[in-house]
Amino acid sequence: MRILLVEDHRDTRRTLSRLLTHFGHEVLAADNVRNALEIIASGELDVLLCDIGLPDGSGYEVISQAKRKQSIKAVALPGFGTEEDIRRSKEAGFDFHLVKPIDLHELQTVLDKVAA
């Protein structure tokens, strides 16, 4: 799958990019809203993996624009997982909500569901 990973923490972004590439996915990475929106505008994506707290805005802005541009499955990757956080991410358009630190088996399960 072609995955856009939006994560401002450099080490997390690198680690997830390498892991997803190892799983056989094409990974495009962005560290802020502006870069993410540029990538979204440039072509078709299968999956958006997106942090919520970003230096120049939020993942809610990214998912809003992504869903306007194309049919895409999206996974919120915040540091918080209260019922309110999950509700808000679903209302914003995210299909899944995984709390950091990411459980790699859970991430693979979500990606398998998206690919099916």
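Let us start in the sheet: strand 1 and strand 2 run parallel and are joined by 5 bridges. Here strands (E, at least two residues) and helices (H or I, at least four) are DSSP runs, numbered from the N terminus, and two strands pair if DSSP finds at least two bridges between them. The model you are looking at is predicted, so local features need pLDDT of at least 70 and side-chain atom pairs count only at pLDDT 80 or more, while totals for chains, interfaces and linings use all residues. Residues are numbered from 1 along each chain as its sequence is written, and side-chain values use heavy atoms, with hydrogens and water left out.

Now look at one bridge in that first pair: isoleucine 3 stands opposite valine 27 in strand 2. Strand 1 is largely enclosed by the rest of the structure, because 4 of its 5 residues are buried. Buried means under 20% relative accessible area, exposed means over 50%, and partly exposed lies in between (1.4 Å probe, protein chains only).

Step back and you can see the whole sheet. It is open, has 5 strands in the order 2-1-3-6-7, and its pairing is parallel. Strand 2 and strand 7 (96-97) are the edge strands, each pairing on one side only. As background, strands of a sheet pair through backbone hydrogen bonds, either parallel or antiparallel. Further along the order, strand 3 and strand 6 (residues 73-76) pair in the parallel sense over 4 bridges. Two of the partnerships are easy to find: leucine 48 has alanine 74 of strand 6 as its bridge partner, and cysteine 50 has alanine 76 of strand 6. Strand 6 then runs parallel to strand 7, joined to it by 2 bridges, with valine 75 opposite phenylalanine 96.

Next, follow helix 1 (residues 10-22). Its 13 residues reach 18 Å from the first C-alpha to the last, close to the 18 Å expected at 1.5 Å a residue; that expected span is 1.5 Å times one less than the number of residues. Arg13, Leu16, Ser17, Leu19 and Leu20 of helix 1 are buried. Their cover includes strand 1 (2-6), strand 2 (26-30), strand 3 (47-50) and helix 5 (104-115). Take serine 17 as an example: at 15% relative accessibility, serine 17 counts as buried. Leaving aside neighbours within four places in sequence, serine 17 is in contact (heavy atoms within 4.5 Å) with Leu5, Val27 and Ala29. After helix 1 comes glycine 24, with a positive phi near 100°. For comparison, most residues other than glycine have a negative phi, and most peptide bonds are trans.

Helix 2 lies across strand 1 and strand 2, running at about 140° to strand 2. Axes are lines fitted to C-alpha atoms, for helices over the stretch in contact, and angles run from 0 to 180 degrees between N-to-C directions. The axes of helix 2 (residues 33-42) and helix 3 (residues 59-69) come within 10 Å and cross at roughly 10°. The two helices are therefore roughly parallel to each other. Angles under 35 degrees count as roughly parallel, over 145 as roughly antiparallel, 65 to 115 as roughly perpendicular and the rest as oblique. Helix 2 contributes Val33, Ala36, Leu37 and Ile40 to this contact, and helix 3 contributes Glu61, Val62, Gln65, Ala66 and Lys69. By class, the contact has 6 nonpolar, 1 polar and 2 charged residues (Ala, Val, Leu, Ile, Met, Phe, Trp, Tyr, Cys and Pro count as nonpolar, Asp, Glu, Lys and Arg as charged, and the others, Gly among them, as polar).

A few single residues round off the tour. Leucine 45 is found in the loop between helix 2 and strand 3, and at 4% relative accessibility leucine 45 counts as buried. Not counting residues up to four places away in sequence, leucine 45 touches Arg2, Leu4, Leu28, Ile40, Gln70, Ser71 and Ile72. Serine 89 has its place in helix 4 (residues 83-92) and is buried, with a relative accessible area of 0%. With residues up to four places away again not counted, serine 89 touches Tyr60, Ala76, Phe94 and His97. Finally, visit proline 101 in the loop between strand 7 and helix 5: the peptide bond from lysine 100 to proline 101 is cis, with omega near 0°.
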